[in-house]
Amino acid sequence: MNDLRSTTRLTLHGLGLRAGGTPRGRVLFDALDLVVAPGERWSVVGPNGSGKSSLLAAIAGLMSTDVGEVRFDGKPLAAWSADALADRRAWCPTVWLDPFPATVAETASLAFDRGHRPFAAFARRAAQHDATVRSLLDRADLATLASADVATLSAGERQRLALATTLAQGAPLLLLDEPASHLDPAHRLRLLGILDAHARAGGSVLVTGHDLDLAWDACSHAIVLDGRGGAAAGPRAEMLTSQRLSDVFATPIRAIDADGARHFMLSRTA
């Protein structure tokens with residue numbers, strides 16, 4: 001299911017961030033320019049502390065920017081109301097809090113209810129609502145756990161529920177912070193299929209992570225943060241190269257092209 005209410009275009013112009021979103025924080029990067037168009041998938045890679053999660057939080061409107069601006073469809077981020085912004089972007093963090101008992105289906109339903117206003121019409125759409133939640137859980141391979149308490153889920157299962165909940169919002173732009181960190185190989189492949197389907201439906205994706213093979217497979221474009229204040233963005237073939245990645249991570253990384261894909265491996269020698 002790809003229930004996108006619209007498409008959206010994200011523009012970053014001269015964006016700069018500091019750690020913690022405070023003026024005294026160290027510089028993460030500055031002067032990042034890019035346009036994320038409908039149908040594009042972007043990976044964000046870089047060493048620990050380079051600003052990957054902060055970038056997604058800033059785009060989501062959850063972190064102050066140092067310089068530059070974020071625009072959705074040409075309109076500055078600050079000019080959007082919370083509800084209008086939620087219709088355009090959905091943010092999935094790396095940590096989830098479940099302070100109250102709730103089932104898997106109930107957790108996914110919360111995002112669907114927010115994303116499909118007005119709530120007064122909910123009763124009339126109950127059947128559609130239930131079918132949509134079941135479809136989302138099935139896509140995340142969670143259908144058999146619909147009645148399970150979220151507190152009993154493994155880290156990978158909880159991560160898949162976070163993805164399903166993010167999709168339930170129905171926003172065209174997905175901001176996914178390390179969505180594959182706990183996933184096994186089969187569910188990583190399923191994640192790639194979900195991201196590809198979202199893009200083909202007119203949505204767009206920004207996804208962070210440390211698995212360079214997955215970053216290549218998941219994206220059409222990439223943002224590389226070097227951890228020293230620098231940032232670069234462009235097509236993946238130009239960004240995810242042996243030379244650039246070896247420099248960014250300060251370790252020799254080999255890039256091997258095979259069967260239409262690019263694979264990366266650490267090299268013990270430069």
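Start by selecting helix α5, residues 155-168. Twelve of its 14 residues are buried, so this helix is largely enclosed by the rest of the structure. You are looking at a predicted model, by the way. To see the enclosed part, color the buried residues of α5: G156, then the run from R158 through A168. Now check the length of the helix: from the first C-alpha to the last, α5 reaches 20 Å, close to the 20 Å expected at 1.5 Å a residue. Step just past the end of α5 and click on G170, where phi is positive, at about 75 degrees.

Stay with α5 a little longer, and turn to the largest pocket. Its volume is about 560 Å³, and 21 residues line it. Which residues lie nearest the centre of this pocket? Select W91, T107, A111, R158 and T165. Next, show the elements that give two or more residues to the lining: β6 (89-92), α3 (104-115) and α5 itself. Two of the residues you have just picked, R158 and T165, are also on the list of buried residues in α5.

Next stop: H210. Look for it in the loop between β8 (204-208) and α7 (212-218). Is H210 buried, partly exposed or exposed? With a relative accessible area of 39%, H210 counts as partly exposed, because that value falls between the 20% limit for buried and the 50% limit for exposed. Now show what surrounds H210. Leaving out neighbours within four places in sequence, H210 is in contact with G46, N48, K52 and E178. Zoom in on N48: its side chain makes a polar contact with the side chain of H210, at 3.4 Å. Then try E178, which sits 32 residues away from H210 along the chain, with 7.8 Å between the two C-alpha atoms.

Now jump to S246, in helix α9 (residues 242-249). What does the side chain of S246 reach? Draw a distance to the backbone nitrogen of I253, and you should get 2.9 Å. Beyond residues up to four places away in sequence, S246 touches T251, P252 and I253.

Finish by coloring everything by pLDDT. The mean for the protein is 90, and 91% of the residues reach 70 or more. Then select residues 118-124, where pLDDT stays under 50. For this stretch, the model has three contacts beyond four places in sequence. Where pLDDT is low, the predicted coordinates should not be read in detail.

Note on methods: Residues are numbered from 1 along each chain as its sequence is written. This is a predicted model: local features need pLDDT of at least 70, side-chain atom pairs count only at pLDDT 80 or more; totals for chains, interfaces and linings use all residues. Side-chain values use heavy atoms; hydrogens and water are left out. Helices (H or I, at least four residues) and strands (E, at least two) are DSSP runs, numbered from the N terminus. Buried means under 20% relative accessible area, exposed over 50%, partly exposed in between (1.4 Å probe, protein chains only). Contact means heavy atoms within 4.5 Å. A polar contact is a pair of N or O atoms within 3.5 Å; within protein, one must be able to donate a hydrogen and the other to accept it, and residues adjacent in sequence count only if both atoms are side-chain atoms. The expected span of a helix is 1.5 Å times one less than its number of residues. pLDDT is the predictor's confidence in each residue, from 0 to 100. On a 1 Å grid over the protein atoms alone, a cavity is a set of points where a 1.4 Å probe fits but cannot get out, and a pocket is an open set with protein on both sides within 12 Å along at least five of seven lines; lining residues have an atom within 4 Å of a point. Grid points are joined across faces, edges and corners, and a volume is the space filled by probe spheres set on the points.
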